[in-house]
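Reader: I should like to learn how to read the contact between two chains, and then the charged pairs in a model. Would you take me through the features one at a time?

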Amino acid sequence: MNTHSRIDPASVPDPKQSNRLAGGRVDHSTVLTFSFDGKRYRGHPGDTLASALLANGVRLMGRSFKYHRPRGPLTAGSEEPNALVELRTGARREPNTRATTIELYDGLTARSQNAWPSLKLDAMAVNDRLSPFLTAGFYYKTFMWPAAFWEKLYEPVIRRAAGLGSLSGRPDPDDYDKGFRHCDLLVIGAGPAGLLAALTAGRAGADVILADEDFTPGGRLLSERFVIDDGAADGWAARTVAELASLPNVRLMPRSTVIGAFDHGVYGVVERVSDHLPEPLPGKPRQILWRVTAKRAILAAGATERPIAFDDNDRPGIMMASALRTYANRYAATPAGRVAVFTCNDDGHRTAADLHAKGVRIAAVIDTRDDAPRSPDYEVLRGAQVAGTRGRLGLTFVTVRQADGTERVLEVGALGMAGGWNPNVHLTCHQRGRPVWNDRLAAFVPGALPPGMAVAGAANGALSTHGALSQGAETAIAACADLGRPTNAAPLPKAEDAPVTQTPFWHVTGCKRAWLDQQNDVTVKDVTLAHQEGFRAVEHLKRYTTLGMATDQGKTSNMAGLAIMAELTAKTIPGVGTTMFRPPYTPVPIATFAGRIKGRAFHPTRLTPSHHWAKERGAVFVEVGDWMRAQYFPREGETHWRQSVDREVTATRNGVGVCDCTTLGKIDVQGTDAASFLNLVYANGFAKLAVGRVRYGLMLREDGIAMDDGTAARMADDHFVVTTTTANAGRVFRHMEFVRQCLVPEMDVQLISTTEAWAQYAVAGPNSRDLLRRVVDPDIDLSNDAFPFMACAEVTVCGSLRARLFRISFSGELAYELAVPARYGDAMMRRLMDVGADLGVTPYGTEALGVMRIEKGHAAGNELNGTTTAANLGLGRMVSKKKDAIGSVLSERGGMNEPDDLRLIGLCPVDADARITAGGHLMARDGPVDAKHDQGYVTSAALSPTLGHMVGLAFLKRGADRMGERMRLVSPLTDLTVEVEVCSPHFVDPEGGRQRA
Amino acid sequence: MLIDHPLLGPRDASEFVYLGDASLIDRPDWQADDAARAFHDYAYLRDNPAGPHRELWFHEGGDRSWLVVTRDTTTHEITDVRLARDVALERRRSS
């Protein structure tokens, strides 16, 4: 046997590692130390945590989910169900990490999980003794009643007993990122098929990305003793990778798992940038979620070996035969010095030969076939099966039932299982493709593929190295032709091409406690029970037994479950069906999906130009959508927010106040049809609005419900400035674009959002004109005659700075809104404060704004709540019947025009000290209090410093006709019952004299 | 998903906002005798086909074009993308 391993100092095994072999791809000359469950061990660069533990004689790595059975690694890859550990400590602790994929680094710390007090002595292993009661479906049968016990008793107990690792409970200190990449060809998997596909396309000049989940490209070539051309296969892989790395049009992405195949050639790729390091380098993310858009993709994801079910097949030391080969050939480690192999095909013999060549003793190869090949190097038990195993914390004995019916006991520390290979078809199924059954392989192979994807190599059922190489080249040549880069086939590297026929052998006859899904503890018996109880459809089987529902998604277990259900129902395996594979291919931390979108970056924070000024003034801010708005400006000595708000309201109503209203949506509407356009968008008319005038506008949805309100100012014949509420700015703009492009494409009208372009300030109060005169340039006449209520104009301020002035009032006072280019916003606010000092100018926030609009009876978001019509708002007469407007036809329909419809009214408490709360409901004074007798509800309430008692706005049935009626306001949630009187919603200056002054 | 914008080329679906059935372009005549019925159907009734579906997408994270996208709801295959404005103008001319 030619082993091809290099003989140099770096390949001499460390005597302190009891099961470390010579050779392999680990650097024996460098020692890394790490700890597992507090004990220190030695390993080497190139190891995984699992290979290093095995090399140190550690087979026991975890406890199972339900029965707390001792478990060791089943595999050497990302399909691992058992060897899940908590990696790292402190805030970086990560549960359920697969020891088989963790790259060893110096100082690594890991702990076992789901075991107490220790991995070797786990108290909850009592579950294993109780297993007759904990079969499939036991949750549903046992914890049925009383219902209240579920949340309080059963669930917490079960969660503590079951479950795997635990979170640190601390904020994740690492950064995660997202990125976009584009390529002609994405090659998924860097085994022989993927490497040759990437090389073929790369040489042809295509932009290629080669993504592989492993830290070293090469796939199975790293784990086998194959020959390609005339040298070791791993040498061919290394040379190919080197050539790929030299091509500027090829990007190699190691440590990168393609987690999903999405629509239109978009692939999700998780790159583990820093997981092989103790912590990320400064400025580097831990992981990156790439969105790769590829014109073509080649799936070369390889195959996964499948286990054989037999009684007690889950003891540490029992693993896939191919994993034994990987640990020996690649990682120079063996779980034991004496091993056996249980196989139903020739592949198992390959494991025995490789381990024998590495000096590991082969107790026997147990082959189910009567005509199994013989070997001069080890004993082959033909027609034999494994009847059972022993060893509490690790395998010690295997009982073999031989062809003649006699039993024989082998003393071994490891047993390899070779049940054949399943192509990794997962990504072919992400867009509803279903795999198809292949009889020769007794396995599912890819069926209908996502557009643009081809499959090569073992993933496509080509299980020989030659098959992988030739399919890799063929698919790449076809992809290049599609991409307009025709290329010829280069001579294929020579490789083994043994014909592969797989004889299925799923389980030993009569086995019961034979594990199928080792992570979720599902046994052959559980599948039998599901069948007995009628859960026979594959999706029912899965949910009833939880087969394949663990973090490994049943990569090693689903097929055997299907096969057993097929036997029980006397169907073929494809007749039973297959479960759907969905993204992600392997588990992804939630943090990776979030990327940088966390904490303050979860949504953008928008600041107005005078934000820093407000901060200097000690403003308290409130989030309004993405905006931060000043809520109120506390002064020294004020201990309660209402003192500040009352002061701001009073100062505004009696003097002058300034409020930052930059956040209101502003939309510039221009074009010869601008007026006709607004006439359609608003329920009320705009065609005849004079230049230099502003009008309040109400927008309806097409179904007749109020959508938003604001003002439209006509700056010129063909130019309007529209404002929207802060919250609806984006939505209204989108709606107006819809109307413009889809409903009136023939109109000459253009829209642009100018919300960020202008800083805007409400200047309100009887002294507002005096204040404005000190900033507006002197040639502009602000007298009531020249610039009356609802006037607007382009003006200049502070010496020729262009500005817009609107005489509109939300507070009900004589008021203006002054807009200046955003970059002057901060200076404008400071100027207003400076020049208005002697007038007592007072900045006010959103609370005072809200109090004054309630006092004035103006509707806001609480009233425009998505259920109310213009009629409900008392604005029914605004809806013009003489023109077409969005929502006008449906606003007239019957259901929205009943005699007892809700109307906006005002409420005052009969006892001036009583509270009114928003959300309270109105009932007749003496009638019953229940939903049936509900008359209406309160939308807004505030303490009016102007009136000295609380006021409320409410919707009340027939409200307009019930002025002066006394009602009962109830809020069962806050135990409130108050007598209130119905009144006009216009509490302050109902005639509007002040705003016209 | 990628949407092949008629002016900008293929753009990621995350730049778009979805509205719904492209029949929303065909807003009824407010003065017709059956306007109430027609607006009711326009506002509330939609086909929900398993297969090709003409639908409105807004390029909010881009150039603010409304697009009519023909998408197969069972496969997400997009067979046609047009500016909604062009579609609307064409329908005016043909009606």
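Author: Let us begin with polar contacts. This is a predicted model, and across the interface of chain A and chain B there are 16 residue pairs in polar contact, both residues being at pLDDT 80 or more.

Reader: Which elements of chain A supply at least two residues each to the side that touches chain B?

Author: They are β15 (287-299), α18 (729-743) and β39 (750-753) of chain A. The largest share comes from α18(A), with 8 residues. By residue type, the side of chain A that touches chain B divides into 15 nonpolar, 5 polar and 13 charged residues.

Reader: How many residues does each chain bring to the contact, and what area is buried between chain A and chain B?

Author: Chain A gives 33 residues and chain B gives 33 residues. The buried area is about 2,700 Å², and carbon and sulfur atoms give 57% of that area. His264(A), Arg734(A) and Gln741(A) supply 22% of the area that chain A buries against chain B, more than any other three residues.

Reader: How should I read the salt bridges between the two chains?

Author: Side chains of opposite charge can pair when their charged atoms come close. Between chain A and chain B the count is 6 salt bridges. In one of them, the side chains of Arg734(A) and Glu60(B) meet at 3.0 Å, N to O.

Reader: How many salt bridges are found over all chains, and which parts does the pair of Arg25(A) and Asp234(A) tie together?

Author: The whole structure holds 57 salt bridges over all chains. Arg25(A) and Asp234(A) meet at 3.2 Å, N to O. Arg25(A) lies in the segment before β1 (32-36) of chain A and Asp234(A) in helix α6 (residues 233-246) of chain A, so the pair ties together parts 209 residues apart in sequence. Arg25(A) is partly exposed at 31% relative accessibility, and Asp234(A) is partly exposed at 23%.

Reader: Is the salt bridge partner Arg71(A) buried or exposed?

Author: Arg71(A) is buried, with 1% relative accessibility, and Asp314(A) is buried at 2%. Their side chains meet in a salt bridge of 2.8 Å, N to O. This pair links strand β4 (residues 70-71) of chain A with the loop between β16 (303-305) and β17 (318-320) of chain A, the two residues being 243 residues apart. Salt bridges with shared partners join Arg69(A), Arg71(A), Asp312(A), Asp314(A), Arg315(A) and Asp521(A) into one network.

Terms used
Residues numbered from 1 in each chain as written. Chains lettered and ligands numbered in written order. Predicted model: local features only at pLDDT ≥ 70, side-chain atom pairs only at ≥ 80, totals over all residues. Heavy atoms only, no water. Contact = heavy atoms within 4.5 Å. Buried area = accessible area lost by both parts, 1.4 Å probe. Salt bridge = Lys/Arg side-chain N within 4 Å of Asp/Glu carboxyl O. Polar contact = N/O pair within 3.5 Å; in protein donor to acceptor, adjacent residues only side chain to side chain. Helix = DSSP H or I, 4+ residues; strand = E, 2+ residues; numbered from the N terminus. Nonpolar A, V, L, I, M, F, W, Y, C, P; charged D, E, K, R; others polar. Buried < 20%, exposed > 50% of the residue type's maximum accessible area, 1.4 Å probe, protein only.
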